[in-house]
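Please open the structure in your viewer and keep the selection panel at hand. The tour below proceeds from one selection to the next.

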Amino acid sequence: MAAGLDPAQGLSSSDRLGARRRLGGALWRRPWLRGLTLLSPSVLAFLLVYIAALVALFVSAFWGVDVFTSKLIHTWSLDNFRTLWNESAYRHVALRTIAIAAAVTTTDAIIAFPFAYFMARLATPRLRAILFVLVLLPLWASYIARIYSWKLILNSNGLLSWSLHKLGLPAPSLAYTNTATWIVFSYVWLPFMILPIYAALERIPHSYIEASRDLGAKGSRTLRSVILPLALPGVVAGSIFTFSLTLGDYITPTLIGGASGQFIGNVVADSALRGGNLPFAAAFAAVPVLVMGAYLVIARRLGAFEAL
Amino acid sequence: MTKRTWALVAVLSVGLAFPASGVSKQHGGTLNMIAWEGYTQPQWVKPFQTKTGCTIHAKYAGSSDEMVTLMRSGGGSKYDMVSASGDASLRLIYGKDVQTVDPSKIPDYKNFGGAFKNPGNNTVGGKHYGISLQWGPNTLLYNTKKVKPAPTSWSSIYDSKYKGKVTVPDNPIQIADAALYLMRTQPSLGINDPYELNSSQFKAVISLLKKQKPLIKKYWALASDEIDLFKNGDAVIGASWPYQTNTLIGAKAPVKDVIPREGATGWLDTWMVSAKTKNLDCAMKWLSWISTPKVQAQQAIYFGETPVNSKACAIMDQLSKGSCAQYHANAPLKYFKQIHFWKTPIADCGNGKKDCMDYTKWQQAWTQLKG
């Protein structure tokens with residue numbers, strides 16, 4: 001303790017300085033501690049907001065509910081899962097959801113690949129910028145508004161059947177069918193497929209394609225043996241988006257789906273919001289989580305995460 | 001952050017908190033309501049807000065089930081009032097979600113038609129859990145250009161003639177419509193009440209609905225969905241409320257509605273007050289306001305339903321000539337008797353046997369029907 005100074009003040013200021021230095025030194029010597037300090041706020045938020053919600057979901061899936069009073073019954077049972085398994089209606093809903101999600105993903109991949117190829121390898125920088133804006137532009141408008149505009153296109157008096165009728169072609173009413181759901185989903189999620197494929201294609205060095213040509217491969221052979229394998233991780237990455245987004249959605253089927261167009265999300269919303277049966281909703285909501293888990297394991301094998 | 005910044009934050013947040021509480025005291029508070037679409041129109045909500053200083057926030061619900069679930073959300077303190085139909089009101093009463101109301105505090109209560117003072121769906125054991133509002137039938141709506149001859153029976157929504165052009169409400173209580181149809185057309189089933197079905201009667205009703213499913217374009221969830229379907233020609237016939245008919249006619253769509261010869265199901269709605277409301281004062285003011293003849297008449301004409309206040313009839317005719325008779329506000333008992341009002345199906349169907357299908361079964365059957 002230095003003489004002549006106010007003892008309390010002297011102690012605290014030098015101590016604080018020392019502590020700060022020691023802390024700085026400790027962080028400098030241990031990079032893992034530095035990383036942890038930087039990450040801890042987001043890790044904490046992730047654990048509390050994201051993981052905790054998922055855990056609550058899984059736990060409540062094993063509970064029951066008193067339907068007359070909507071009070072939760074905290075006894076553990078597999079009843080909800082048994083109902084899911086035994087009732088063919090729920091199996092149909094799950095299969096329909098997965099089938100349409102797969103169809104949407106395939107459609108988007110087929111449409112997005114040539115487009116992304118053009119953007120990445122053929123377009124001038126100026127044109128590429130314009131195309132980028134065009135791909136992203138729909139994302140700036142409300143998702144609901146875009147679905148409603150599709151309703152106007154697809155319904156009986158809509159733009160599509162009106163145009164077909166004028167051309168003398170048969171005019172089907174597509175609104176309120178699973179076909180409509182498929183079309184609208186394919187439209188809504190298309191940008192999420194184009195961008196990862198674009199990123200993957202852009203990364204292929206031009207020298208690979210030249211090498212392929214030098215070795216005598218024609219255009220189609222180069223595409224099959226060089227471009228496609230290298231772009232595949234991008235396609236799989238895009239498919240993660242389109243597949244999972246379709247799997248979890250319930251607004252599009254509500255607005256544009258027909259009498260046999262329920263998705264898993266619709267049954268979950270019905271059970272939770274209308275039926276007041278949160279445990280059953282949680283049990284059914286676990287199904288897309290499991291499907292997506294399996295999908296991600298496969299996607300990882302195909303190298304999708306390197307393209308994200 | 002320095003001490004000064006913290007102090008600033010503290011001052012700002014205190015400053016933000018206090019005016020807010022001051023405002024709510026001055027203006028009488030906010031009522032968060034769950035209502036049917038069309039029940040909280042500016043015509044009668046705005047004058048109420050100006051007069052009382054109570055602000056109204058309404059959330060539309062698409063079904064009685066949703067109303068019950070919303071009333072119970074957040075421990076039951078999120079919403080102050082609900083315009084519950086007869087198939088929801090008993091669930092709210094037995095679930096202790098709503099509180100009793102003293103009708104002597106509602107000046108217009110004495111003018112209510114006799115059947116609406118103590119109806120079984122809002123009065124239990126002599127206690128009033130809310131005040132009756134309006135009633136009406138679930139009608140058969142059709143496109144006059146596409147549906148010829150004009151339908152007189154519910155059979156037209158079970159008939160393949162209009163395959164793919166039929167729409168019915170996405171609501172488990174819709175099972176009662178099919179039960180009513182079978183009650184009239186298949187007496188051998190022995191259905192006496194469309195809300196009291198034993199398991200074999202229930203099976204027959206569900207199998208009728210399963211046969212109907214391929215004819216359905218869409219099970220509509222919100223009234224506006226059905227309006228869209230009829231406007232765009234995606235549906236030409238379906239089960240409806242008078243509200244959709246009025247809106248469509250207002251938009252010059254060629255539609256008409258009818259109560260078919262089998263009769264119809266119907267609703268009697270009640271404004272109920274949450275057991276946990278913090279704005280009982282505003283809630284009571286709303287109950288008085290919504291029961292006055294003028295507001296009763298306005299809502300009746302806007303929605304196309306029938307007021308419970310017998311004094312509303314004259315004002316309805318002032319607002320729109322002939323509307324009192326059109327909505328049967330002066331109708332004789334005979335009309336009233338062909339309407340089978342919504343009520344929550346329970347296991348005890350009054351024959352001492354308790355073998356009826358309860359509402360849980362109705363809900364399950366409906367979800368599985370939609371598949």
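Select Thr167(B) and Lys218(B): Thr167(B) stands opposite Lys218(B), a residue of strand E9 of chain B. Strands (E, at least two residues) and helices (H or I, at least four) are DSSP runs, numbered from the N terminus. Strand E8 of chain B, residues 166-169, runs parallel to E9(B), and four bridges join them. Two strands are said to pair if DSSP finds at least two bridges between them. This is a predicted model, in which local features need pLDDT of at least 70 and side-chain atom pairs count only at pLDDT 80 or more, while totals for chains, interfaces and linings use all residues. Residues are numbered from 1 along each chain as its sequence is written, and chains are lettered from A and ligands numbered from 1 in the order in which they are written.

**The sheet of chain B**

Widen the selection to the five strands of the open sheet, whose order is E9-E8-E10-E7-E11 in chain B, with mixed pairing. At the edges are E9 (216-220) and E11 (255-258) of chain B, each of which pairs on one side only. From one strand to the next the twist averages 20 degrees; angles run from 0 to 180 degrees between N-to-C directions, and axes are lines fitted to C-alpha atoms, for helices over the stretch in contact.

Add helix H7 of chain B, residues 223-231, which packs on the sheet and touches E7 (139-143), E8, E9, E10 (237-240) and E11 of chain B. The direction of H7(B) makes about 155 degrees with that of E9(B). Two residues are in contact if their C-beta atoms, placed from the backbone, lie within 7 Å.

Move next to E11(B), which pairs with E7(B) in the antiparallel sense over four bridges. Here Tyr142(B) stands opposite Lys256(B). Which residues of E11(B) are on the covered face, and which on the uncovered one? Val255(B) and Asp257(B) are on the covered face, whereas Lys256(B) and Val258(B) are on the uncovered one. In a regular strand the side chains alternate between the two faces of the sheet.

**Chain B as a whole**

Select all of chain B, which has 14 helices and 14 strands. Its radius of gyration, taken over C-alpha atoms, is 22 Å, which agrees with the value near 21 Å for a compact globule of 371 residues; the globule rule is 2.2 Å times the number of residues to the power 0.38. Buried residues make up 49% of the 371 residues in chain B. A residue is buried if 20 or more other C-beta atoms, placed from the backbone, lie within 10 Å of its own, exposed if 12 or fewer, and partly exposed in between.

Colour chain B by pLDDT, the predictor's confidence in each residue, from 0 to 100. The mean is 87, and 92% of the residues of chain B reach 70 or more. Over residues 1-26 of chain B the pLDDT is below 50, and beyond near neighbours in sequence this stretch has three contacts in the model.

**Chain A and the contact with chain B**

Turn to chain A, which has 13 helices and two strands. The radius of gyration of chain A is 27 Å, well over the 19 Å that the globule rule gives for 308 residues, so chain A is more spread out than a compact globule. Buried residues make up 33% of the 308 residues in chain A.

Display both sides of the contact: 26 residues come from chain A and 24 residues from chain B. On the side of chain A, H12(A) gives the most, with four residues. By class, this side has nine nonpolar (Ala, Val, Leu, Ile, Met, Phe, Trp, Tyr, Cys and Pro), three charged (Asp, Glu, Lys and Arg) and 14 polar residues (the others, Gly among them). For the complex, the predictor gives an ipTM of 0.73 and a pTM of 0.79.

Select H12(A), residues 264-274, where eight of the 11 residues are buried. Among them are Ile264(A), Val267(A), Asp270(A) and Arg274(A). The buried residues of H12(A) pack against several helices, including H10 (219-248) and H13 (278-301) of chain A, and H3 (64-72) and H14 (359-370) of chain B. Just after H12(A), Gly276(A) takes a positive phi of about 65 degrees.

Finish at Phe241(A), which lies in helix H10 of chain A. Phe241(A) counts as partly exposed because it has 18 C-beta neighbours inside 10 Å. Leaving aside neighbours within four places in sequence, Phe241(A) is in contact with Trp189(A), Phe192(A) and Met193(A).
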